[in-house]
Amino acid sequence: MTEAKTKVFLTGPFQIIRDDGQDVTPRGTKAKALLALVLLSKNAIRSRAWLQDKLWSESSPAQGAASLRKELSVLSKHFSKHKLDILEITRETVSINLAAVEVDLFDEQLSPDRAELLEGLDVADPEFEAWLTVERQAYWDIDTDSDGPVLAGRGLPVHWGRLRPAVVVEPFEVVGETPDISIAASSIRDELMFLLGTMSDVIELRDARRQEGPVEGYVLSGSVVGAEGLRVAAQLTSTADQVCLWTQRFRFRAKETFDAVEEIAMKVVEALQLRLRDGYWSEIWSSRVTSTEAWSAFQKARILESQATEDGLQDAIRQYRACLEFDPGYLPARVAIGFCHLDMIRLGMDANPAETLAMVEAECKKLSDLNPTDPYCSALHAFTHSVAGNTSEACSLMLAVVERFSGSPELLGYYGILLVYDDRAEEGVSVCKKALALTPHPPIWIEANLAIAMMMTGDKAAWQHAHNVLRVDPGRVRPRVVLCMLSAAAGNHSLARRHARQILELQPGFSAERWAWPGCFKNRQHYEKGVRLLSAAGL
């Protein structure tokens, strides 16, 4: 089991939160400033002379040195009192052990509405103020390129945890001298960048023309040949071992409709899903032949659904219905609509849960009658029982599914959350961990559910898993709900209120009573505890 670490918040008010949630922030302004000066230095180490110059620039050298010694002594006693071994002091330097802490600025991509760096830290020294002005400019000036926001002047530190696989799209090789072929190759590549860019829940898209240095991930390359029309070849290769995951050739005669872009995009996403994420689910939706219009609408809906917000789920339902307009019998879209409706009930977003549940139950019966062996129809059936309060029956139904498809991370993830609802959170933790271990790039919602399950068992690693989800997707609500509850339970009401504000920014209608649907819980005390903790945070 991975241990939770002490967390340091440099964005917003300076705070240090111990792994058990206790606020251990030093009281003194100079103490906070000293720690910030060290943390924001290369390798988190600074000379004592440099620190003295930034905090006591207007004092005599002897007086400044004495003040620094006193401040370091106070900090050493403070951290020793709280059993924290993070500060290292020598005759010449002061450093912080980054392996023992998590720093928000280093570990989480910042959203555009980020808080101010070291908010409210007012040190009456011109050297410190000049340093802070420069640091704020360096860290908050965002340069947005094709790879997403990056910090100006500094690269984002390497993330830890499970990220989306990075896919670098290279220019397609041109075979032939005619200008038409060059134009076709350029158009194919540009359109691929556009279409694959909409698959943000599946891949992290990179443009090879703007990529500097090697990438740990996958390269999409190809060629275009002008011969009796147009021949297009494409392949997906792993950069780790140069293994080709997928390759295919497309041929389009002069008078045929040219849809290579859509076909290549479909096949690339299928290849990524089958080999890197939940292969069984991808096998189901990719094996059901449908139009490129229906397929594109389905993929866009999946991205919206993954947001797990009220607006996201409602938009996903509309997008899935748009998919069904192109292909009324497309089973994956019909099943997904049912899950979206149940998610809105489970997450406390549905105003008429009884009516919605009855509608989903009726649709689920139709789908199950037509597709009795489909595991996702069975999973939908299990979740209708869970939402109805029949948690044990839901687990029994889902267990039968995972016994047949034990290699599917997504199906195991479903089973894990159903176990949590059935008051078997420790079993749910075990199942979610197994699901995460099955594939290098699992769906991020599985780790969000793991954080919830760990919170219910009192496992401190819930902090880490919730933060890990936010590092991958800062816009997710559920991990922030977990962090809000954990902070309130630890008595850190300031941090709990901070998370509460972020929750309301992401989901304005959120309230403590609507954090979940109480009928899902076999043990209602879990729901009621959540209400109490979130209410204490002001929700």
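Entry 1, β1 and β6. I looked up how β1 meets β6 in this predicted model. The two strands run parallel, and 3 bridges join them. I picked Val8 of β1 and followed its bridge across: the partner in β6 is Val103.

Entry 2, β1 and β2. I then turned to the other pairing of β1. Strand β1 covers residues 6-9 and is joined to β2 by 3 bridges, with the two strands antiparallel. I noted two partners in β2: Ile17 for Lys7, and Gln15 for Phe9.

Entry 3, the hairpin. I checked the connection between β1 and β2. Their hairpin has 5 residues between the strands, and in it Gly12 takes a positive phi, near 75 degrees.

Entry 4, the whole sheet. I put the pairings together. The sheet is open, has 3 strands in the order β2-β1-β6, and its pairing is mixed. I recorded β2 (15-17) and β6 (101-103) as the edge strands, since each of them pairs on one side only. From one strand to the next, the twist averages 20 degrees. As a reminder to myself, strands in a sheet pair through backbone hydrogen bonds, and the pairing can be parallel or antiparallel.

Entry 5, burial along β1. Which residues of β1 are buried on each face? I found Thr6 and Val8 buried on one side, and Lys7 and Phe9 buried on the other. Both faces of β1 are therefore covered, taking buried as under 20% relative accessible area. I note that Lys7, bridged to Ile17 in β2, is among these buried residues. Val8, bridged to Val103 in β6, is also buried.

Note on methods. Residues numbered from 1 in each chain as written. Predicted model: local features only at pLDDT ≥ 70, side-chain atom pairs only at ≥ 80, totals over all residues. Heavy atoms only, no water. Pairing = 2+ DSSP bridges. Axes fitted to C-alpha atoms, helices over the stretch in contact; angles between N-to-C directions. Buried < 20%, exposed > 50% of the residue type's maximum accessible area, 1.4 Å probe, protein only.
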